[in-house]
Amino acid sequence: MLENVEEVLEKLKQHKYLADENLATVLFLAYQLQKPLLIEGPAGVGKTELAKVVSQILQAELIRIQCYEGLDEAKSLYEWNYPQQLLWIQSGYQQGKSWQETKKDIFTEEFLLKRPILKALTAPGPAVLLVDELDKSDQEFESFLLEALSDYQVSIPELGTIKASRIPFVILTSNGARDFEDALKRRCLHLFINYPDMERELAVIQLKQPELQESLARQLVDFVQKVRLQSLRKPPGISETLDWARTMMILGVSSLEQDVVKKTLPVLLKYQKDVMEIEKQFRAFLARETDE
Amino acid sequence: MSERLFSMDKIILSFARDLRRQGVPVCLPEIMDALRGIERVGFAKNRFKTVLQASLIKDQVDAPVFNKLFELYFETYEPGRKTVSGEDISLSKNSPDDFTARLFSSRGQGLTPQLKGTARVRLARAAFSGDRLEITRLARQGVDSVKEELCSRNEPMDAEEGQLDRLLYHAKAALEWFMFTFYLESRRGKSLVEEEEYRVCRHNLRLLEEELRGLLEKQVLADLGEEGLERVLKERNLRRKDFSLLKDWEANAVKQQVVKLGRKMATRRGRRKKPGKRGQVDIKNTVRQAVKTGGIPIKIFSRGRVISQPDLIILCDVSGSVIRFSTFMLLFLYTFQESFRYVRSFLFIDLLAEVTNFFKNSDPAGGIKDALEHAVVSETNNSDFGRVFFSFAAEHLREITPQTILLILGDAKNNWRPDESLAFKKIAHRAKRVYWFNPQPRETWNTRDSVMRVYAPYCDQVLECRNLEQLTRAAGELFRGV
């Protein structure tokens, strides 16, 4: 469906995702080589959003799995539906079925609960599997994932190996909180998304919030770019900038003034410590602008 | 086409081999990915680079060495080529003469005849006007004078660490770079130089610096061949660059990687517990199962084996010579605190101070900063390992149990003070394991005032730990016993 890099760029733009050529090239490559794509970058730069857009472009089902510490096979691969199996055994017993027959029945697809990874492998149509925030999982989960992604198959002892009918597009995202096993990294193509520069961020704001005045948008982005240069616990991502822009729209602000900034700073920054840090300096950020 | 691809295969293979020599983990399937990718995307320069990067480089920390190697392989060096992103900028509002007059003369008059034609005036004019040809000429001139200097002193280009930076410094000095920047800063402070002019100058200086560096690298490559390549790449290799030589932005990249590595270690053992074969008897389960057999416990069930978590006690030298290393190590250790039953940390120079409480919150970087600011660790500002071990043995010996892993971070440079091998022996004998991570090159241990040999016999392992690669290995060793 995707024939070349230009087409990827075009389609991303149609779906209101502004990408540079680097991102489009890697995306195209992952699609063509049928390789999982590992996207790393700070929070709020549009990693998850990219997966959503890709599923729209490919007109594929988006199957998402949110990682956390302790996520296990039963929640990520498959689980047998025990209560239903019990019911079946009981009803079989009343009908006088032999154990041999019952055993054959209860380990069939009917009693198999498919969890996201298996679901993505056995999806009837095209699918995008989004493994979100993989850095929050633990290494045990990484190993299940590895098995599933290396051959696109899952082995279930009672049923045998289930192979993917069509290979799903797999996107793994990470905020870079921890490193992964070499084996996993080896199997993926790697893409690093960083905070956008001034021009790109402005373009994103204008694309998503076209009603916002250009002069205000410019002020907002300029401010955010300066904030990012400070050492903060959680620098604002694009999504925070967008939230902030939306806030300005709702408040009906036409230019970035000190008191407005002060009141709305918590939209941009998520930690009180960061808010306090920026409050100390934000006058300087604004003052320099008015001088020019 | 197949012919061309065949030779391309060879080039990519040799490219990957050079990456691997720098310690970047690149394996065959990844090279295959790169080749298949190039087939589909083609040779358009930026995309070609993207393909190689996406398939071969999986850690951001390897990006600088990749970029440099790519440049050496696939981009022919052209003088005056744009290396710094952004447009060419120059100002026509004021004339260069006017600018240099404001910069160097004291009373706003024209330049004195002595000043005219000096290197600093030439540099200032070039930085102000942004003339590409002039910048290139200056870069050549700077590099030539470095070469002459090396020749006259009969010094060959040697393969010493940090040498490129030093050559760059000499080249800059030959252009009177520092003289110019001194005037630029001070005149800016007095508002004799406009902000816009300042920005332009800084931008062009950056261009010149890139060009100088490019030429110097070329020189090193030409003089030293294969070894020169090694040298040039090593400067960009954040895995192998000495902690103390990292520039600020590089240090940040390494810090990120250190934290990632620590978190990986911490999650190595999953949270799930499985019932073990040995261990305490699980009464509840055993009785429940015994009901089936009329109350006779035929099978004994046991509770999951309790994973023993050792304690970690860290003694960390924070004297000036090792401070970079110590900050990295502390940051690293605090990212996997939960893998230990508890972690206690002490900082020292010649006094010992416990700083465990500074790390109780979840912000290790902030904790380290606070600890370094507040802990009283020094009387003379010179490390004294002997005194520190002696006072540790006197005050904290009892807190060391057979569960304790003791980790000492420091260079063992004792400033010719007496050592305390007896105290250290007492401490070491009580602990489960003793590790010593030393940020000095192994060759220099036991030379000059380094007393590594005194303490080494009592340590389970003494490891050299001066860059990211060695830190990774040392961490593996430390975790083997956990």
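1. Let's start with the sheet in chain A. In this predicted model, five strands line up as an open sheet in the order β2-β5-β8-β1-β9 (chain A), and their pairing is parallel. At the edges sit β2 (61-66) and β9 (189-192) of chain A, each with a pairing on one side only. On average, neighbouring strands here are turned by 20° against each other, with direction ignored.

2. One pair inside that sheet is worth a look on your screen. Strand β5 (residues 127-132) of chain A runs parallel to strand β8 (residues 169-174) of chain A, and four bridges join them. For a handle on the register, find Val131(A): its bridge partner in β8(A) is Leu172(A).

3. Chain B has a sheet too. Six strands make up this open sheet, in the order β3-β2-β1-β4-β5-β6 (chain B), and here the pairing is mixed. Its edge strands are β3 (352-354) and β6 (461-464) of chain B, each pairing on one side only. From one strand to the next, the twist averages 20°.

4. Within the chain B sheet, strand β4 (residues 404-409) of chain B and strand β5 (residues 433-438) of chain B form a parallel pair over five bridges. If you want to check the register, Ile405(B) has Arg433(B) as its bridge partner in β5(B).

5. Stepping back to chain B as a whole, its secondary structure amounts to 19 helices and six strands. Of its 482 residues, 50% are buried. Take the contacts in chain B between residues at least 6 apart in sequence: 75% of these join residues at least 24 apart.

6. Now for a helix pair. How do α6 and α7 of chain B pack? Helix α6 (residues 119-129) of chain B meets helix α7 (residues 132-152) of chain B at an angle of about 140°, and the axes lie 9 Å apart. The crossing of α6(B) past α7(B) is left-handed. On the α6(B) side, the residues in contact are Arg122(B), Leu123(B) and Ala126(B). Facing them from α7(B) are Glu134(B), Ile135(B), Arg137(B), Leu138(B) and Gln141(B). Sorted by class, this contact has four nonpolar, one polar and three charged residues.

7. A single residue to click on next: Arg213(B), which belongs to helix α10 (residues 195-224) of chain B. Is Arg213(B) buried or exposed? Its relative accessibility is 10%, so Arg213(B) counts as buried, the cut-off being under 20%. Leaving aside residues up to four places away in sequence, Arg213(B) touches Asp165(B), Leu168(B), Glu235(B), Arg236(B) and Lys247(B). That list of contacts includes both acidic-side names such as Asp165(B) and the nonpolar Leu168(B).

8. Finally, the cysteines. How many disulfides are there over all chains? The count comes to zero. A disulfide is a covalent bond between the sulfur atoms of two cysteines. Why is Cys67(A) not in one? The closest cysteine sulfur, in Cys188(A), is 12 Å from that of Cys67(A), which is too far for a bond, because the cut-off is within 2.5 Å. Cys67(A) is also buried, at a relative accessible area of 3%. In chain B, Cys459(B) is in no disulfide either, with the nearest cysteine sulfur, that of Cys465(B), 14 Å away. Cys459(B) counts as buried as well, since its relative accessibility is 11%.

Conventions: Residues are numbered from 1 along each chain as its sequence is written. Chains are lettered from A and ligands numbered from 1 in the order in which they are written. This is a predicted model: local features need pLDDT of at least 70, side-chain atom pairs count only at pLDDT 80 or more; totals for chains, interfaces and linings use all residues. Side-chain values use heavy atoms; hydrogens and water are left out. Axes are lines fitted to C-alpha atoms, for helices over the stretch in contact, and angles run from 0 to 180 degrees between N-to-C directions. Helices (H or I, at least four residues) and strands (E, at least two) are DSSP runs, numbered from the N terminus. A crossing is left-handed if the near helix is turned anticlockwise from the far one by less than a right angle, and right-handed if clockwise. Contact means heavy atoms within 4.5 Å. Buried means under 20% relative accessible area, exposed over 50%, partly exposed in between (1.4 Å probe, protein chains only). Two strands pair if DSSP finds at least two bridges between them.
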